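Colleague: I've got a model open and I'd like to learn how to read it feature by feature. Can you walk me through it?

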Amino acid sequence: MHKEILFKEIQETVLAFNFDEITLDRKKILKPLIDFIQYNTDIQQSIRLNFICTHNSRRSHLSQVWAQTAAHYYGIKSVFCYSGGTETTALFPKVAETLESSGFLIKKISDKKNPIYAIKFSPNESPIIGFSKTYDNYFNPQKEFAAIMTCSQADNGCPFIAGAEKRIPITYDDPKAFDNTPHQSQKYKERSLQIATEMFYVFSQIKK
């Protein structure tokens with residue numbers, strides 16, 4: 001399969017992924033997302049993925065960024081990744097720092113209480129715009145999308161997502177638990193790489 005260009009450091013990170021490390025239980029959890037993407041690929045429809053967490057500050061952003069990067073890498077066309085929360089806070093700075101350490105080029109384009117980041121993964125592709133917003137914000141799709149619930153709190157708190165064609169729980173432990181500890185950087189990197197490996201596995205399974 002032809003692979004598209006990513007920035008060199010991201011490319012090196014991706015080449016180190018080992019999909020065999022993903023447990024069978026996790027692969028079962030990821031299967032509905034694979035099926036959703038494959039179905040829409042087969043019928044040549046746009047694929048909209050809205051990654052939803054409570055605060056849209058950590059896991060949902062990591063999932064959005066890595067999923068969009070994976071779609072590009074595997075050449076899966078018409079994939080548009082979004083993120084949102086059940087409430088608005090801010091993209092946590094450690095998330096931006098963690099992505100930067102994996103090779104993403106990040107520029108803060110607004111420095112208000114809820115900063116806006118441009119997150120670039122490839123020399124020729126448009127950057128991802130990252131900021132905290134509710135899942136139903138006008139910036140996000142209003143219909144014909146899959147709602148991917150990245151935290152159990154949002155999954156339990158939002159039994160219904162208006163406009164979603166499919167609701168898919170793929171939850172991750174919150175690295176926030178390690179904020180202000182000596183393990184913070186390591187734990188954010190671990191969570192980022194777990195999400196990255198799983199999103200790349202998902203898109204590696206898509207047949208064009």
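Modeller: Happy to, and keep in mind that this is a predicted model. Let's start with asparagine 124, which counts as exposed because its relative accessibility is 73%, the cut-off for exposed being over 50%. Asparagine 124 sits in the loop between β4 (116-120) and β5.

Colleague: How far apart are the C-alpha atoms of asparagine 124 and glutamine 194?

Modeller: They are 26 Å apart, with the two positions 70 residues apart along the chain.

Colleague: Next, backbone angles. What should I look for in phi?

Modeller: Most residues other than glycine have a negative phi. Here, asparagine 56 goes the other way, with a positive phi near 45°. Asparagine 56 lies in the loop between β1 (47-53) and α3.

Colleague: Is asparagine 56 buried or exposed?

Modeller: Buried, because its relative accessibility is 0%. Glutamate 144 also has a positive phi, near 55°, and belongs to the loop between β5 and β6 (145-149). Glutamate 144 counts as partly exposed because its relative accessibility is 41%. There's a glycine to look at as well: glycine 103, just after α4, has a positive phi of about 110°.

Colleague: Since you mention α4, which of its residues are buried?

Modeller: In α4 (residues 93-101), the buried ones are Lys94, Val95, Ala96, Thr98 and Leu99. Those buried residues pack against α3, β3 (105-110), β4 and α6.

Colleague: How do I read a helix pair, say α3 and α6? At roughly what angle do their axes cross?

Modeller: Look at the approach of the axes, the angle and the hand. The axes of α3 (residues 59-73) and α6 (residues 184-204) come within 8 Å and cross at roughly 35°, and the crossing is right-handed. On the α3 side the contact includes Leu62, Trp66 and Ala70, while α6 contributes Ile195, Met199 and Phe203, among others. By class, the residues of this contact are 11 nonpolar, three polar and one charged.

Colleague: Last one: pockets. What's the idea?

Modeller: Rolling a probe the size of a water molecule over the atoms shows where empty space is left. In this model, the largest pocket holds about 470 Å³ of space.

Colleague: Which residues lie nearest the centre of the largest pocket?

Modeller: Gln68, Val79, Phe80, Phe121 and Glu125, out of 20 lining residues. The elements giving two or more residues to that lining are α3, β2 (79-85) and β5 (128-130). The lining divides into 11 nonpolar, six polar and three charged residues.

Notes:
Residues numbered from 1 in each chain as written. Predicted model: local features only at pLDDT ≥ 70, side-chain atom pairs only at ≥ 80, totals over all residues. Heavy atoms only, no water. Axes fitted to C-alpha atoms, helices over the stretch in contact; angles between N-to-C directions. Helix = DSSP H or I, 4+ residues; strand = E, 2+ residues; numbered from the N terminus. Left-handed = near helix turned anticlockwise from the far one by under 90°. Contact = heavy atoms within 4.5 Å. Nonpolar A, V, L, I, M, F, W, Y, C, P; charged D, E, K, R; others polar. 1 Å grid on protein atoms, 1.4 Å probe; cavity = no way out; pocket = protein on both sides within 12 Å on 5 of 7 lines; lining within 4 Å. Points joined across faces, edges and corners; volume = space filled by probe spheres on them. Buried < 20%, exposed > 50% of the residue type's maximum accessible area, 1.4 Å probe, protein only.
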